[in-house]
Amino acid sequence: MQVHVITLFPEMFTALDAGLIGRARQQGLLSIHTHDLREHGLGSYRQVDDTPYGGGSGMVMRPEPLAAAIDAVTAAMPGLLTILMTPQGELLDQLTARELAGHQPGLLLIAGRYEGFDERVRTMVDRELSIGDYVLSGGELPAMVVIEAVARLLPGVLGNPESLREESFGDSAGLEYPQYTRPEEFRGMRVPEVLLSGNHAKIREWRADESRKRTARRRPDLIPERRKP
Ligand code: 4GX
C-alpha cells in the first residue's frame, strides 16, 4: 500500500523510519511519500495561507496550493483515497482503520497548519478524519497516527496475527485484561495465583472476567446495547 502526505513539514515524517513501520517499509509492504505543499505556494514567497475574509484572528490555508498539490499527486497515482486531517472530521476508530487498510492503491493524507482550511478545500477530498477532540498545531501528528493504525493491519506487517485478534477493539471487543510478566512479586504486589496455575481454562475465564469488569468501569461506551425485542 502507498501512503502519500501533503504537508509543510515533510521532515516530521522521518519518525516513521523507526520500529514496526520502518520494517514494513523496508520489506516493501508499505511505501510513504511526502509532498511539500510549499512547492505549490503562490508568488516569490511561496505563500500558502492568507487572512480570513470577514476578519478575525489567525490565518487560513488558501485553496489553490492545496488543489495544485492534490492534483499533482492524484495525476501521478490515480485512485488514492484523499483524506483531510481536521478536528471537524469523523473520529478515527479501529473499524475505520481497517477500512482504510483495504483501500487500493492507497491513501493521500492532507496535513494542514494555521487555524484552518478555506472551506472550498472540503470539495477536493473524499473524507475528513479527526484523531480526537483536542486541538493540535498541525495535521502531521494526526496523519502519522492514521498511518500507524493502518500500517499494522496490512498483511505481513505484524509477525503474529494472533496478537491482532486478541487486542482491544480487534474484533470490537472491550479493553484488554491485566497482563503480568516476571517477577512473581514486585514491591509487595504478587502476580494473581490463577496465572501461575497452568490451568488454561481457568486462565481464559479469569481474563474474560477482568476484561469485562475493566470495560464496564472505564469504557462503558464500548459495551454493545442489548438487542431490543
Ligand atoms: N485530528 N489538527 C488540522 C489545522 C486546522 C485547524 C482548524 C482545520 C481547522 C487534528 C485532530 C488537529 C490541528 C489538524 C489543526 N484545520 N487533526 N490543523 N485533532 O488538531 O485531526
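These legends go with a set of close-up views of a predicted model.

**View 1. The ligand and the residues around it.** Zoom in on the ligand and you'll find 20 residues surrounding it, with Glu 115, Ile 131, Gly 132, Tyr 134 and Leu 136 the closest. Three backbone pairs are worth picking out here. Ile 131 has a backbone N or O atom 3.0 Å from a nitrogen atom of the ligand. Gly 132 puts a polar backbone atom 3.2 Å from a ligand nitrogen. On the oxygen side, a ligand oxygen atom sits 3.0 Å from a backbone N or O atom of Leu 136. As for cover, the ligand taken alone exposes 460 Å², and the protein buries 95% of that.

**View 2. What the ligand shell is made of.** Two elements give two or more residues each to the shell, namely β5 (81–91) and β7 (127–130). The top contributor is β5, with four residues. By residue class, the shell splits into 10 nonpolar, eight polar and two charged residues.

**View 3. Glu 140, a buried acid with two side-chain partners.** Glu 140 belongs to helix α4, which covers residues 140–151. Its relative accessibility is 0%, so Glu 140 counts as buried. What does the side chain of Glu 140 pair up with? One polar contact goes to the side chain of Thr 7, at 2.8 Å. Another goes to the side chain of Arg 113, at 2.9 Å. Setting aside residues up to four places away in sequence, Glu 140 touches Thr 7, Leu 8, Phe 9, Met 12, Phe 13, Ala 111, Gly 112 and Arg 113.

**View 4. The largest nonpolar core.** This core has 30 residues, and the ones touching the most other members are Leu 30, Ile 83, Leu 100, Leu 107, Leu 109, Val 146 and Ile 147. Two or more residues each come from β1 (2–7), α1 (19–26), β5, α3 (94–101), β6 (106–110) and α4. Which element gives the largest share? That would be α4, with seven residues. A second core, of 16 residues, lies apart from this one and has Leu 8, Val 48, Ile 70 and Leu 108 among its members.

**View 5. Ile 83 and its contacts.** Here we stay with one of the core residues that touch the most other members, Ile 83. Skip the neighbours within four places in sequence, and Ile 83 is in contact with Leu 100, Leu 107, Leu 108, Leu 109, Ile 110, Arg 127 and Leu 129.

**View 6. Ile 110, tucked into strand β6.** You'll find Ile 110 in strand β6. Is Ile 110 buried or exposed? With a relative accessible area of 0%, Ile 110 is buried. Beyond residues up to four places away in sequence, Ile 110 touches Ile 6, Leu 66, Ile 70, Thr 82, Ile 83, Leu 84, Met 85 and Val 125. As a distance marker, Ala 69 is 41 residues away along the chain from Ile 110, and their C-alpha atoms are separated by 9.7 Å.

**View 7. Two cis peptide bonds, each leading into a proline.** Most peptide bonds are trans. Gln 104 and Pro 105, however, are joined by a cis bond, with omega about 0 degrees. Pro 105 sits in the loop between α3 and β6. The other cis bond joins Arg 182 and Pro 183, with omega about 5 degrees. Pro 183 is in the loop between α5 (161–166) and β8 (185–186).

**View 8. Positive phi at Arg 46 and Tyr 114.** Most residues other than glycine have a negative phi. Arg 46 isn't a glycine, yet its phi is positive, at about 55 degrees. Look for Arg 46 in the loop between β2 (31–36) and β3 (49–50). Arg 46 has a relative accessible area of 39% and is partly exposed. Tyr 114, also not a glycine, has a positive phi of about 60 degrees. Its place is the loop between β6 and β7. At 32% relative accessibility, Tyr 114 is partly exposed too.

**View 9. Gly 159, out on a loop.** The loop between α4 and α5 holds Gly 159. Gly 159 is exposed, with a relative accessible area of 80%. How far apart in space are Gly 159 and Val 60? Their C-alpha atoms are 43 Å apart, with the two positions 99 residues apart in sequence terms.

Note on methods: Residues numbered from 1 in each chain as written. Predicted model: local features only at pLDDT ≥ 70, side-chain atom pairs only at ≥ 80, totals over all residues. Heavy atoms only, no water. Near = heavy atom within 4 Å. Polar contact = N/O pair within 3.5 Å; in protein donor to acceptor, adjacent residues only side chain to side chain. Areas by Shrake-Rupley, 256 points an atom, 1.4 Å probe, with all protein chains shown as cover. Nonpolar A, V, L, I, M, F, W, Y, C, P; charged D, E, K, R; others polar. Buried < 20%, exposed > 50% of the residue type's maximum accessible area, 1.4 Å probe, protein only. Contact = heavy atoms within 4.5 Å. Core = buried A, V, L, I, M, F, W, Y, C linked by side-chain atoms within 4.5 Å.
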